[in-house]
Amino acid sequence: MTSLAQLRAERRSRIFPVAAAVISLYLVNALMASWAPDVMAIGLIGHLNVGLALALLQCGTTLAVCRWYARYARTRLDPLVDQVRAGLGYRGEEQ
């Protein structure tokens, strides 16, 4: 397998499932807000209701995924990118 194919496969194998999970959480939140407003209004603790808890969960998961991807790209993808660049004879920006 060439380095470019390796890079594509590595990226797709990790990113697509995580992106699907985040998008699914967003869709659940949006659909419940539209079709189940009574469920979203159920109080949990003090002023915190189900709708607000889901929104905060969505923000938290988005932040966690962004941090995970930055670390994943730095440790797993960047070395593959360097291999592809080396194979192409890339030496950085020409001035």
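Is Leu44 buried, partly exposed or exposed? I will start there, and then widen the view to the rest of the chain, keeping in mind throughout that what we have on the screen is a predicted model.

Leu44 belongs to strand S1, which covers residues 43-45, and because its relative accessibility is 48%, it counts as partly exposed. If we set aside the neighbours within four places in sequence, the residues in contact with Leu44 are Asn49, Val50 and Ala53.

Now to the overall arrangement. The protein contains three helices and two strands, and if you read along the sequence, these elements follow the pattern α-α-β-β-α. As for the overall dimensions, the C-alpha atoms fill a box of roughly 60 × 25 × 25 Å, taken along the principal axes. The radius of gyration is 20 Å, whereas a compact globule of 95 residues would have one near 12 Å. Of the contacts with a separation of 6 or more, 62% are between residues 24 or more positions apart.

Let me turn to the surface and to burial. The protein exposes about 7300 Å², and carbon and sulfur atoms supply 63% of that area, while buried residues make up 15% of the 95 residues. On the charged side chains, there are 10 positive and 6 negative ones, and the centres of these two sets lie 6 Å apart.

What, then, makes up the largest nonpolar core? This core has five residues, namely Leu7, Tyr72, Ala73, Leu77 and Leu80, and its largest share, four residues, comes from helix H3, which runs over residues 50-88. As a general background remark, nonpolar side chains tend to be buried together in soluble globular proteins.

Glu10 is worth a look alongside that core. Glu10 sits in helix H1, residues 3-35, and with a relative accessible area of 16% it is buried, because the cut-off for that label is under 20%. Beyond its neighbours within four places in sequence, Glu10 is in contact with Tyr72, Arg76, Leu77 and Leu80, and among these Tyr72, Leu77 and Leu80 are members of the largest nonpolar core.

Elsewhere in helix H3 we find Gln58, and at 18% relative accessibility this residue also counts as buried. Its contacts, again leaving aside the neighbours within four places in sequence, are with Leu25, Tyr26 and Asn29. How far apart are Gln58 and Val22 in sequence and in space? They are separated by 36 residues in sequence, yet their C-alpha atoms are 7.6 Å apart.

Asp78, which is likewise found in helix H3, gives us another pair to set beside that one. Asp78 counts as partly exposed, because its relative accessibility is 37%. Between Asp78 and Pro37 there is a sequence separation of 41 residues, and the distance from C-alpha to C-alpha is 44 Å.

To finish, I would leave you with these points from the predicted model: a radius of gyration of 20 Å where a compact globule of 95 residues would have one near 12 Å, a largest nonpolar core of five residues, and two polar residues in helices, Glu10 with 16% relative accessible area and Gln58 with 18% relative accessibility, which are both counted as buried.

Methods:
Residues are numbered from 1 along each chain as its sequence is written. This is a predicted model: local features need pLDDT of at least 70, side-chain atom pairs count only at pLDDT 80 or more; totals for chains, interfaces and linings use all residues. Side-chain values use heavy atoms; hydrogens and water are left out. A nonpolar core is a set of buried Ala, Val, Leu, Ile, Met, Phe, Trp, Tyr and Cys residues joined through side-chain atoms within 4.5 Å. Buried means under 20% relative accessible area, exposed over 50%, partly exposed in between (1.4 Å probe, protein chains only). The radius of gyration is taken over C-alpha atoms; the globule rule is 2.2 Å times the number of residues to the power 0.38. Contact means heavy atoms within 4.5 Å. Accessible areas come from the Shrake-Rupley method with a 1.4 Å probe; for residues, only the protein chains shown count as cover. Lys and Arg count as positive and Asp and Glu as negative; His and the chain ends are not counted. The place of a charge is taken as NZ of Lys, CZ of Arg, CG of Asp or CD of Glu.
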